[in-house]
Amino acid sequence: MISVSNNFLRLGVLSALVGMTLGVWMGANQDFVLRPVHAHINLLGFASMMLFGLFYRAFPAAGRGWLPLAHFGLSVLGFLILMPSLALMLLQKPLFLPAMIASEIMLVASMFLFVVIVFMATMKKEPATV
Ligand code: HEM
């Protein structure tokens, strides 16, 4: 069975590596055009995905079923489409504008699912593991 928690944690640390490398590149080249991409890889990728992963660790029951899978799928797909689309947009090549809009909708939908998941998990009597 796919572990939503493990996969979020893995994608989170990989995002940190990519986001920080982009930060180093920006500093070394004194080229800050992609600053919003760097910020979003670190915050949507690293910070948010690590938090999602840790949440599913704290509430293991919340990680079962189709809802967390849909949350994971929409988060990852939205993130992987948004980052290159945003980069191209900032480089004055808005080639993927419709895809970018679609990815933003996916990310908001994934957060909506996460809101439902968190409310369901925190309304149960069963205590969290942390
Ligand atoms: C090796 C680690 C990192 C390096 C070398 C780095 C480098 C940079 C650089 C060069 C800038 C642009 C500064 C400027 O415009 O004057 C920046 C902005 C920023 N960084 Fe990082 N960064 C790193 C890690 C992180 C992490 C871990 C986060 C968040 C979790 C983060 C979030 C941001 C944000 C929010 C901005 C502002 C973006 C904006 O103004 O549009 N950075 N970083």
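This report covers the fold, the iron site, some packed residues and a surface patch of one protein model.

## Overall build

The model is predicted. The protein has four helices and zero strands. Along the sequence, the pattern reads α-α-α-α. The C-alpha trace spans about 50 × 30 × 25 Å along its principal axes.

Of the 130 residues in the protein, 37% are buried. Contacts with a sequence separation of 6 or more are mostly long-range: 75% of them join residues 24 or more positions apart. The protein exposes about 7800 Å². Carbon and sulfur atoms supply 77% of that area.

## The iron site

Which residue gives the iron atom of the ligand its single donor from the protein? His-38 does, through NE2, at 2.0 Å. His-38 lies in helix 2, which runs over residues 35–58.

Leu-22 is one link from helix 1 to this site. Leu-22 sits in helix 1 and touches His-38. Leu-34, Val-37 and Ile-41 are also in contact with Leu-22, not counting residues up to four places away in sequence. Leu-22 and Val-37 are 15 residues apart in sequence, yet their C-alpha atoms are 8.6 Å apart in space.

## Buried residues

Three residues are compared here by relative accessible area. The cut-off for buried is under 20%.

| Residue | Helix | Relative accessible area |
|---|---|---|
| Ser-5 | helix 1 | 5% |
| Leu-22 | helix 1 | 16% |
| Leu-82 | helix 3 | 8% |

Ser-5 is a polar example. Its relative accessibility is 5%, so Ser-5 counts as buried. Leaving aside neighbours within four places in sequence, Ser-5 is in contact with Gly-53, Tyr-56 and Arg-57.

Leu-22 has a relative accessible area of 16% and is therefore buried as well.

Leu-82 belongs to helix 3. At 8% relative accessibility, Leu-82 also falls under the cut-off and so counts as buried. What does Leu-82 contact, leaving aside its neighbours within four places in sequence? The partners are Leu-44, Met-100, Ser-103, Glu-104 and Leu-107. Arg-57, a partner of Ser-5, is a distant residue for Leu-82: the two are 25 residues apart in sequence and 27 Å apart in space, C-alpha to C-alpha.

## Helix 3 and its end

Helix 3 covers residues 66–90. How does its span agree with 1.5 Å a residue? Its 25 residues should span 36 Å, because the expected span is 1.5 Å times one less than the number of residues. The end C-alpha atoms are 35 Å apart, which agrees. Just after helix 3, Gln-92 takes a positive phi of about 65°.

## A nonpolar surface patch

Val-13, Leu-14, Leu-17, Val-18 and Phe-46 form a nonpolar patch on the surface. Together they have about 450 Å² of accessible area. Helix 1, residues 4–29, gives the largest share of the patch, with four residues. An α-helix has 3.6 residues a turn, so residues three or four places apart point the same way.

Phe-46 is found in helix 2. Is Phe-46 buried or partly exposed? Phe-46 has a relative accessible area of 30%, and is partly exposed because that value lies between the limits of 20% and 50%.

## Links between the sites

Helix 2 holds both the iron donor His-38 and the patch residue Phe-46. Helix 1 holds Ser-5, Leu-22 and four residues of the patch.

Key. Residues numbered from 1 in each chain as written. Predicted model: local features only at pLDDT ≥ 70, side-chain atom pairs only at ≥ 80, totals over all residues. Heavy atoms only, no water. Patch = residues over 30% accessible without salt bridge, like charges linked within 9 Å, V, L, I, M, F, W, Y side chains within 5 Å. Areas by Shrake-Rupley, 256 points an atom, 1.4 Å probe, with all protein chains shown as cover. Salt bridge = Lys/Arg side-chain N within 4 Å of Asp/Glu carboxyl O. Helix = DSSP H or I, 4+ residues; strand = E, 2+ residues; numbered from the N terminus. Buried < 20%, exposed > 50% of the residue type's maximum accessible area, 1.4 Å probe, protein only. Contact = heavy atoms within 4.5 Å. Donors = N, O, S within 2.8 Å, 3.2 Å for Na, K, Ca; no water.
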